[in-house]
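Visitor: Could you take me on a close look at the empty spaces inside this protein and at the ground where its domains meet?

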Amino acid sequence: MRPAHFHGARQLLVPEVLLLPEGPVRGRAVLVEGGTFRRIGPAEELLGAHRDLRPVRLDGRLLMPGFVDAHHHLTQSFGKAQSFGQPSEIFKTVWEPLEHALDEDTAYLSAKLAALEALRGGFTTVADAGTRAPVDVAAVAKGTEEAGIRCVLGKIVSDGTGGPAHLSRWEKHPLIHPSLAIAVPEDATAAVIKHTADLCAEAGAVLQIHVNEHLASVERSLKSVGRRPVDHLHHIGALGPHTLGAHATLLTPAEMRMLADSGAAISYNPVASAWKGNAVAQADMLAALDVRFGMGTDGTRGDGFRLLDAAESAQRLTSGMATGDSVCGAGRRWLEHATSRSADALGLGRVTGRIAVGKAADYLVVDLAVPELTPSYGLQWELVRLANRDLITAVVVNGRLRLWEGWPPDWDARALVERAAKVGPEVVRKADIRRVEPR
């Protein structure tokens, strides 16, 4: 198996194991054509029907959907280590100063660096929640497009302007999917939030907005609009299938019901809770109430398998142990919510997230012949508990090989890393970051 086997308009892939929506299966093959999964079926049947193609045999390998990061901040990659050991709500002290110190070139570089890390971690799609950098978001789009990752590109429109232009600007782009964003509900008037939500609903896009993340943000919302964030969005008619609320770690039962009844989605970001949060989203409860949710990194670390582990572990530590729940959703739940259900939360359920006919060929080739997964008894559990990004041989987005054994085959990523190592600290020095240092 070599990178050249994944080139060309058509490939007939024959993996050892194929991860389908119903679970892992053997003896299947996949026809990829024009960047799309065209046929999936018994290997012998597809081999016989496509004798003109040389099959790509992936012995000892798993073919699975790429991970979908439902919440990221691509222009924060130069300073993510600045968040270590800090109080929970740091957007005013770290992230805003950092992003305000970016220009077109450094915003592009930050986004491309973050996209590369995401690809290395098995993500084929990332959702950027909107940058505060004083730049055209085209800089972010350029970085992700050059890296080759699919991007839900948020633009912050808290002042009520620029929404329609952004949504139409990226229409029919193969990798860029426009989205509108308002950082937190109190940043915009009720009329602007409702209008933005309506624009997204009409365009088939998502409104990205941070909700109920920290105690400080809940109290700020109560003081400014008299309601908690999710309750406020519900009250003004801005909750709906087009709404994606980030974090939602501090939900009342009534707010959970609002999310379920409205069809709104949230991004469950367990690593962010561990690094800098007040609480962990009650993902098991949300699943029981049929609340739609995906999973996001929040720009913490771009490793899809470690995100799975964090998601399951956080639920076990915050609720499972107290209730004697030794399952906590099992492996299948977290794999689904990191792939197909994340895609659904981003409004991309028809595009990506599953290995299924008609979906974009966004997939990973994962090495199974390793000590970590030997012997194997339940692959879905094992991927959650035992796998890591080192096992990813190939990352393919829209049918194009974007990563081979951790590095792009068609552009100099090491040069990008070298440049970011020089430029990143300069941006951090320029920014007025105010850290709380341990004594």
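Guide: Happily; what follows goes from the enclosed cavities to the open pockets, and then to the domain contact and a few local details.

This is a predicted model, in which local features need pLDDT of at least 70 and side-chain atom pairs count only at pLDDT 80 or more, while totals for chains, interfaces and linings use all residues. Residues are numbered from 1 along each chain as its sequence is written, and side-chain values use heavy atoms, with hydrogens and water left out.

Let us begin with the enclosed spaces. On a 1 Å grid over the protein atoms alone, a cavity is a set of points where a 1.4 Å probe fits but cannot get out; a pocket is an open set with protein on both sides within 12 Å along at least five of seven lines; and lining residues have an atom within 4 Å of a point. Grid points are joined across faces, edges and corners, and a volume is the space filled by probe spheres set on the points. By this rule there are 4 cavities of 30 Å³ or more.

The largest cavity has a volume of about 260 Å³. Its lining counts 23 residues, with Phe91, Arg132, His210, Glu213 and His214 closest to the centre. Helix H2 (91-100), strand E10 (207-211) and helix H7 (215-225) each supply at least two residues of this lining; helices (H or I, at least four residues) and strands (E, at least two) are DSSP runs, numbered from the N terminus. By class, the lining of the largest cavity has 8 nonpolar, 8 polar and 7 charged residues. Here Ala, Val, Leu, Ile, Met, Phe, Trp, Tyr, Cys and Pro count as nonpolar, Asp, Glu, Lys and Arg as charged, and the others, Gly among them, as polar.

The second largest cavity has a volume of about 130 Å³. Of its 18 lining residues, His72, Lys80, Gly299, Thr300 and Arg301 lie nearest the centre. Helix H3 (104-120) and helix H10 (270-276) each give at least two residues to the lining of the second largest cavity, and the largest share, 3 residues, comes from H3. The classes in this lining are 4 nonpolar, 9 polar and 5 charged.

Now for the open spaces. The largest pocket holds about 360 Å³ of space. Among the 21 residues that line the largest pocket, Glu336, Thr339, Ser340, Arg341 and Arg354 are the closest to its centre. Strand E1 (10-20), strand E13 (292-295), helix H13 (330-338) and helix H14 (340-345) each supply at least two lining residues, and H14 gives the most, with 4 residues. The lining of the largest pocket draws at least three residues from each of domain 1 (3-65 + 358-404) and domain 2 (67-346), with domain bounds coming from an automatic or database domain assignment.

The second largest pocket holds about 300 Å³, and of its 18 lining residues His177, Pro178, Ala203, Gly204 and Ala205 are the closest to the centre. Helix H5 (163-169) and strand E9 (176-182) each supply at least two residues of this lining, which has 11 nonpolar, 5 polar and 2 charged residues. In the loop between H5 and E9 we find Lys172, which has a positive phi of about 70 degrees although it is not a glycine.

Next comes the domain contact. The centres of domain 1 and domain 2, taken over C-alpha atoms, are 29 Å apart. The contact (heavy atoms within 4.5 Å) takes 24 residues from domain 1 and 31 residues from domain 2. The area buried between the domains is about 2,200 Å², of which carbon and sulfur atoms give 62%; buried area is the accessible area (1.4 Å probe) that two parts lose on being put together, summed over both. In domain 1, Trp381, Val384 and Arg389 lose the most area to domain 2, together 28% of what that side buries.

There are 3 salt bridges between domain 1 and domain 2, a salt bridge being a side-chain nitrogen of Lys or Arg within 4 Å of a carboxyl oxygen of Asp or Glu. The structure as a whole holds 27 salt bridges. One of these joins the side chains of Glu255 and Arg228 (3.0 Å, N to O). Glu255 lies in helix H9 (residues 253-262) and Arg228 in the loop between H7 and helix H8 (229-235), so the pair ties together parts that are 27 residues apart in sequence.
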